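Biologist: I should like a close look at the pockets of this protein. Please treat the matter in one connected account.

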Amino acid sequence: MTADTPAYDPGNIFAKILRGEIPAQTVYEDADTLAFMDVMPQGEGHTLVIPKAPARGLLDADPASLAAVTATLQRVGRAVKAAFDADGLTVFQYNEPAGGQTVFHLHFHIVPRREGVPLKRHEGGMADPEVLAKHAARIRAALEA
Ligand code: AMP
């Protein structure tokens, strides 16, 4: 905890994914980071990248962990862009409820973008798990290409 950040709560849903207590459509994993599909995508291919080390948000994260997440963001971002033949990518990250955060384990969003196609609403609706599985497979294939 830092002076202006509440303590990390290990009961959060991404901590449960990291412990294998709930499933996720994983696209990439290494010693320090995990990337998986967002269950309420704001666009086709919406992917989340998280550090394995506990951190509530950007402000209390360890710099080494942030560096690992940044490397994974670039690696997975390239694959997401290729997998969805996107024109661009939007990457975003929220801190604390006032900043729009709803899950209190640091995460970065990657959304592939097409010219003229707006982002869907944040937490708009659950995606079909079979569709998410197919999208995850496309990204994994792009990572291996
Ligand atoms: P935020 O904290 O505002 O950045 O939003 C949390 C994000 O996590 C939202 O985009 C949710 O759709 C997503 N999310 C919530 N629960 C899960 C889950 N179990 N697996 C994957 N994504 C999730």
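What volume does the second largest pocket have?

Modeller: In this predicted model, the second largest pocket has a volume of about 200 Å³. Its lining comprises Gln 42, Gly 43 and Glu 44, then Phe 84, and further along the chain Val 111, Pro 112, Arg 113, Arg 114, Val 117, Pro 118, Leu 119 and Lys 120. By class, this lining holds 6 nonpolar, 2 polar and 4 charged residues.

The largest pocket may be set beside this one. About 530 Å³ of space lies in the largest pocket. A total of 27 residues line the largest pocket, and those closest to its centre are Phe 14, Met 37, Asp 38, Val 39 and Met 40. Two or more lining residues are given by each of helix H1 (13-18), strand S2 (33-37) and helix H3 (129-144). Of these, H1 supplies the largest share of the lining, with 3 residues. The lining of the largest pocket divides into 17 nonpolar, 8 polar and 2 charged residues.

Strand S2, a contributor to the lining of the largest pocket, also has a strand partner. Strand S1 (residues 26-29) pairs with S2 in the antiparallel sense, over 3 bridges. Within this pairing, Thr 26 stands opposite Phe 36 in S2. S1 and S2 together form a hairpin, with 3 residues between them. The largest pocket is thus lined in part by one strand of a hairpin.

Methods:
Residues are numbered from 1 along each chain as its sequence is written. This is a predicted model: local features need pLDDT of at least 70, side-chain atom pairs count only at pLDDT 80 or more; totals for chains, interfaces and linings use all residues. Side-chain values use heavy atoms; hydrogens and water are left out. On a 1 Å grid over the protein atoms alone, a cavity is a set of points where a 1.4 Å probe fits but cannot get out, and a pocket is an open set with protein on both sides within 12 Å along at least five of seven lines; lining residues have an atom within 4 Å of a point. Grid points are joined across faces, edges and corners, and a volume is the space filled by probe spheres set on the points. Helices (H or I, at least four residues) and strands (E, at least two) are DSSP runs, numbered from the N terminus. Ala, Val, Leu, Ile, Met, Phe, Trp, Tyr, Cys and Pro count as nonpolar, Asp, Glu, Lys and Arg as charged, and the others, Gly among them, as polar. Two strands pair if DSSP finds at least two bridges between them.
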